[in-house]
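Work through these exercises with the sequence and the 3D view side by side. Try each task before you read its solution.

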Amino acid sequence: MFSRLLLKSERIKEKQNGGYFEGHHIIPKCKGGTGTSTRPKNNSNIVLLTAREHFLAHWLLWKIYRDRQMALAFHKMSSTTDKTKRITSSRGYEESKEAFRITNIGNKYGKGKTKIISDEQKKHQSELMKGRYIGEKNPFYGKTHTNKTKEKIRKSREGINKDKIWNYSGKKIVLKNNEIIGVFETSEEVAKFIGSSCSNVRHVLSGNQKTARGFEIKHFKEYYSLLA
């Protein structure tokens, strides 16, 4: 099996001819590994595995490390989409679910919580992203939009109310029973205040849902006259 895993160049050719393979990090990214699984060609830390091999690899990683990161990766292997051609055994499926359950006990970032990222995690993420899409590494490097594409982009932006865009950087106002109970700089601050997720806050700000945990959330400019 391991001799087959080393023949990456052959598998790349097979994949280009319609064969199905999935990129896998030899050293997991959460353990310091590098590379992008969808770009295996020029990174020695990425190998191409069949769906079965990929599932077994993450099963073994879970057995070795027994931590939350490996549990989440293993659990993800049990999910399927239209593109993933993976059928798991009932035993493997059961263990992936159990791994997720065990490592999720006492998780303080569950429903209704806001994840707090430490400075160390932020620094680590910054280092991972540094220089990743600069120059020739950028997928759009050396390319330009056609006039037809530019016109489509221009038309798609016509009539957009910038105050309604979900990531608008202005202040946010939280209301309860039509009364303003807080003003915040960011969606993250709002989420922490009301005990919701940032995505729910942004859905309310963009108009996709009315409230988050019973609170209305508006952009500052929408209620400026009430605060003046």
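A polar contact is a pair of N or O atoms within 3.5 Å; within protein, one must be able to donate a hydrogen and the other to accept it, and residues adjacent in sequence count only if both atoms are side-chain atoms. This is a predicted model: local features need pLDDT of at least 70, side-chain atom pairs count only at pLDDT 80 or more, and totals for chains, interfaces and linings use all residues. Residues are numbered from 1 along each chain as its sequence is written, and side-chain values use heavy atoms, with hydrogens and water left out.

**Exercise 1. Place E22 and find its polar partner.**

Step 1. Locate E22 in strand β1, residues 22–25. Helices (H or I, at least four residues) and strands (E, at least two) are DSSP runs, numbered from the N terminus.

Step 2. Check its cover. Buried means under 20% relative accessible area, exposed over 50%, partly exposed in between (1.4 Å probe, protein chains only). E22 has a relative accessible area of 9%, so E22 is buried.

Step 3. Look for the partner. The side chains of E22 and H54 are joined by a polar contact of 2.6 Å.

**Exercise 2. Classify two ring pairs.**

Step 1. Take the rule. Rings of Phe, Tyr and Trp (its six-membered ring) pair if their centres lie within 6.5 Å; planes under 30 degrees apart count as stacked, over 60 as edge-to-face and the rest as tilted. The count by this rule is four aromatic pairs.

Step 2. Apply the rule to F55 and W59. Their ring centres are 5.7 Å apart and their planes stand at 70°, so this pair is edge-to-face. Both residues lie in helix α3 (residues 51–65), four residues apart, about one turn of the helix. F55 is buried at 5%, and W59 is buried at 11%.

Step 3. Now F184 and F193. Their ring centres are 4.9 Å apart with planes at 45°, so the pair is tilted. F184 is buried at 16%, whereas F193 is partly exposed at 43%.

Step 4. Look for a cluster. Ring pairs link F55, W59 and F74.

**Exercise 3. Describe how β3 meets β4.**

Step 1. Find the strands: β3 covers residues 172–176 and β4 covers residues 179–184.

Step 2. Test the pairing. Two strands pair if DSSP finds at least two bridges between them. Five bridges join β3 to β4, and the strands run antiparallel. V174 stands opposite G182 in β4.

Step 3. Inspect the turn. The hairpin has two residues between the strands, and N177 takes a positive phi near 55°.
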